[in-house]
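Me: I have a model open and want to learn how to read it feature by feature. Could you walk me through it?

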Amino acid sequence: MSQQREPAVAGLFSEEDGVRLHGAKCTTCNTPYFPKAAHCRNPDCDESKIEPCSFGGGGVLWSYSVADFPPPAPHKYDKPFVPYVIGVVDMDNGLRLVGQMADGLEAMRIGARVELAIESIYHEAGKAFTSWKFKLL
Amino acid sequence: MQEVVVLGVGLHRFGKTGDGVVGEKSVTELCRHAVDRALKDAGVSWKQIQAVAAASSRFSGGKGWGLNGNDVVEDLGCTGIPVYNLSAGCAAGGNAFNIGYSLVAGGIHDLVLVVGGEVMPKGMIQTSGVEDANDPEFLRQRCVGMPGPSFWATLARRRMFDYGTTEEQMAKVTVKARKCSESNPYARFQKAVSLDEVLASPYVSNPLRLFEICPVSNGAAAAVICSKAMARRFTSQPITVASSAVATIRFDDALPRSLANPVPSGASFHTEAKAAVMKAFEMSSIGPRDISFTELQDNTCYYELAFPEEWGLCEPGEAERLLEAGETAPTGRMPINPSGGFVSFGEATTAMGVFQIAELTWQLRGQSGGRQVPGAKVGLAQTNGLGGNATAAILKR
Ligand SMILES: [Zn+2]
């Protein structure tokens, strides 16, 4: 059975052409942004030149934690709550990115290679709402 | 610049809604108690106060606009004085102290009341109050779900990787803190805990456990500050404010506060806290090794290990050894949070910066009883708040 999938927040990412997170990049100072930034925020940048820049791929796990209890609103989750790992990953495109880990705590190791995936994080009104997650390679 | 002194301080003991300490008291009642104590301690009457610098709360009072200083003035009696309501998340109390300090130092007012109080909702603090796709906090919570404790746990896990810190060592910070709380009549928890008890408490966000994370509390704190010239009328032993500083986070900070940051080129942890503390050192010409004791924001025991190293109170990677040697206890070489800290008080968010000023003042007067730092001459206080806010203050006798 195929359930309708919908991003938890519209416009941030897509999965039709592979995992793509929709960010931006300043072409003057090479600073990457996610989500999109309207202008460059690097105080050392001489001239903001922002271009849309989508990215996928992977990176290296910088650190991680566990949501052992359900986070308060506006987080949404399926009941009963199942604890999950939250990773902070140094992506190959130069962004340090936060996201849920698809794998369990026992498998975690700082420095491990991970890859982006789009997976469901909660269900509502017969739909699966999705977000990006990191998968250990 | 006028020299600024602390004339009097007061607290309402911290507690939890419905308990025997704070019961159902409103934030106005808690503040009233703390302010009355501070005025009495200072020997000053309410009518003499020339301005109020208050911490703005998102959770209680303030007419829903963070007008907590106006609540205090209305309750004590409207005298027409200026009120400054300062918002800086959990750093708001520190911010209010900085504005009070600046008003006196700049010669705008001679006698100022600084106050912060909270009645907190139960459970984990909801960081984002809005459902708005333009709010980075909203995006982080909806797309990931990363509560405050996970933010701290991420840092703690990284420290375990960088320095080999163990879960037992982090638990020992709590044991030390709760030992101090036994002799603090204002702490919410006033009972020591054993290492086994801490390690038996459940994970809130692995690797951090329930007893290693501060809960939310209700409480209030107040301080009366004035110019040194004026202080002579009230006391022969004022506590001097050597410096008070405020800073915000840097672009190259190590941990993304929303969804992502550029990977920083070097270690750049807690850039807001470090900047505030460095500024406080610079303004006062007091160095990290001159500090007798520190009251820092220990939302979790991790910070008691990380902050002293980042501020130069000790060497990087040395904190665990100092802790285990008893050097961070009140009688040690580098006392940290002799009050018992947030872990013993719980966090009445916007009161914390003022609570620290009260503890520093008592310590420097030698009035801290069983938790007294022997011969305390110089104290350092620091707070952190949502939005990348931080404050620091150095007091001396
Ligand atoms: Zn740029």
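Me: Let's start with the metal. What geometry does the site of the zinc ion have, judging by the angles among its 4 donor atoms?

Reply: Keep in mind that this is a predicted model. For four donors, you check whether all angles lie between 85 and 135 degrees. Here they run from 100 to 115 degrees, so by that cut-off the zinc site is tetrahedral.

Me: Which atoms coordinate the zinc ion?

Reply: Four sulfurs, each an SG atom: those of A:Cys26, A:Cys29, A:Cys40 and A:Cys45, at 2.3 Å. Written as a sequence pattern, the donor spacing is C-x2-C-x10-C-x4-C.

Me: Which parts of chain A do A:Cys29 and A:Cys45 tie together?

Reply: Look at where each donor sits along the chain. A:Cys29 is in the loop between β3 (20-26) and β4 (32-33) of chain A, while A:Cys45 is in the loop between β4 and β5 (50-55), so the pair links parts 16 residues apart in sequence.

Me: Are those two cysteines buried or exposed?

Reply: They fall into separate classes. A:Cys45 is buried at 15% relative accessible area, whereas A:Cys29 is partly exposed at 26%. The line for buried is drawn at under 20%.

Me: What does the UniProt record list for residues 56-118 of chain A?

Reply: The unreviewed UniProt entry lists that span as "domain: ChsH2 C-terminal OB-fold". You can then check the coordinates: the span is 49% strand and 0% helix, and its end C-alpha atoms lie 10 Å apart.

Me: On to chain B. How many helices and strands does chain B have?

Reply: There are 13 helices and 12 strands in chain B. To judge the overall packing, compare the radius of gyration with what a globule of that length would give. For the 397 residues of chain B the rule gives 21 Å and the model has 20 Å, so chain B is as compact as a globular protein of that length. Along its principal axes, the C-alpha trace spans about 55 × 50 × 45 Å.

Me: What else can I read at the level of the whole chain?

Reply: Try burial, contact range and surface. In chain B, 63% of the 397 residues count as buried. Among contacts between residues at least 6 apart in sequence, 74% join residues at least 24 apart. The accessible surface of chain B is about 13900 Å², and carbon and sulfur atoms account for 51% of it.

Me: How many residues of helix α4 of chain B are buried?

Reply: First the general idea: an α-helix has 3.6 residues a turn, so residues three or four places apart point the same way. In α4 (residues 136-143) of chain B, 7 of the 8 residues are buried, so the helix is mostly covered. Among them are B:Phe138, B:Leu139 and B:Cys143, along with B:Glu137 and B:Arg140.

Me: What do the buried residues of α4(B) pack against?

Reply: Both chains take part. They pack against β9 (113-124) and β10 (127-136) of chain A, together with α5 (148-163) of chain B. After α4(B) comes B:Gly145, with a positive phi near 85 degrees.

Me: Is B:Thr294 buried or exposed?

Reply: Buried, at 2% relative accessibility. B:Thr294 sits in strand β10 (residues 293-295) of chain B, and the residues it touches include B:Trp311, B:Leu313, B:Ile336 and B:Leu380.

Me: And B:Ala200: buried or exposed?

Reply: Exposed, at 63% relative accessibility. B:Ala200 belongs to helix α7 (residues 195-200) of chain B.

Definitions and conventions. Residues are numbered from 1 along each chain as its sequence is written. Chains are lettered from A and ligands numbered from 1 in the order in which they are written. This is a predicted model: local features need pLDDT of at least 70, side-chain atom pairs count only at pLDDT 80 or more; totals for chains, interfaces and linings use all residues. Side-chain values use heavy atoms; hydrogens and water are left out. UniProt positions are given in the numbering used here, feature names are shortened, and annotations may be inferred rather than shown by experiment. Helices (H or I, at least four residues) and strands (E, at least two) are DSSP runs, numbered from the N terminus. Donors are N, O and S atoms within 2.8 Å of the metal (3.2 Å for Na, K and Ca); water is not among the atoms, so sites may look incomplete. Four donors count as tetrahedral if all angles lie between 85 and 135 degrees; four count as square planar and six as octahedral if opposite donors are over 155 degrees apart and all others between 65 and 115; anything else is irregular. Buried means under 20% relative accessible area, exposed over 50%, partly exposed in between (1.4 Å probe, protein chains only). The radius of gyration is taken over C-alpha atoms; the globule rule is 2.2 Å times the number of residues to the power 0.38. Contact means heavy atoms within 4.5 Å. Accessible areas come from the Shrake-Rupley method with a 1.4 Å probe; for residues, only the protein chains shown count as cover.
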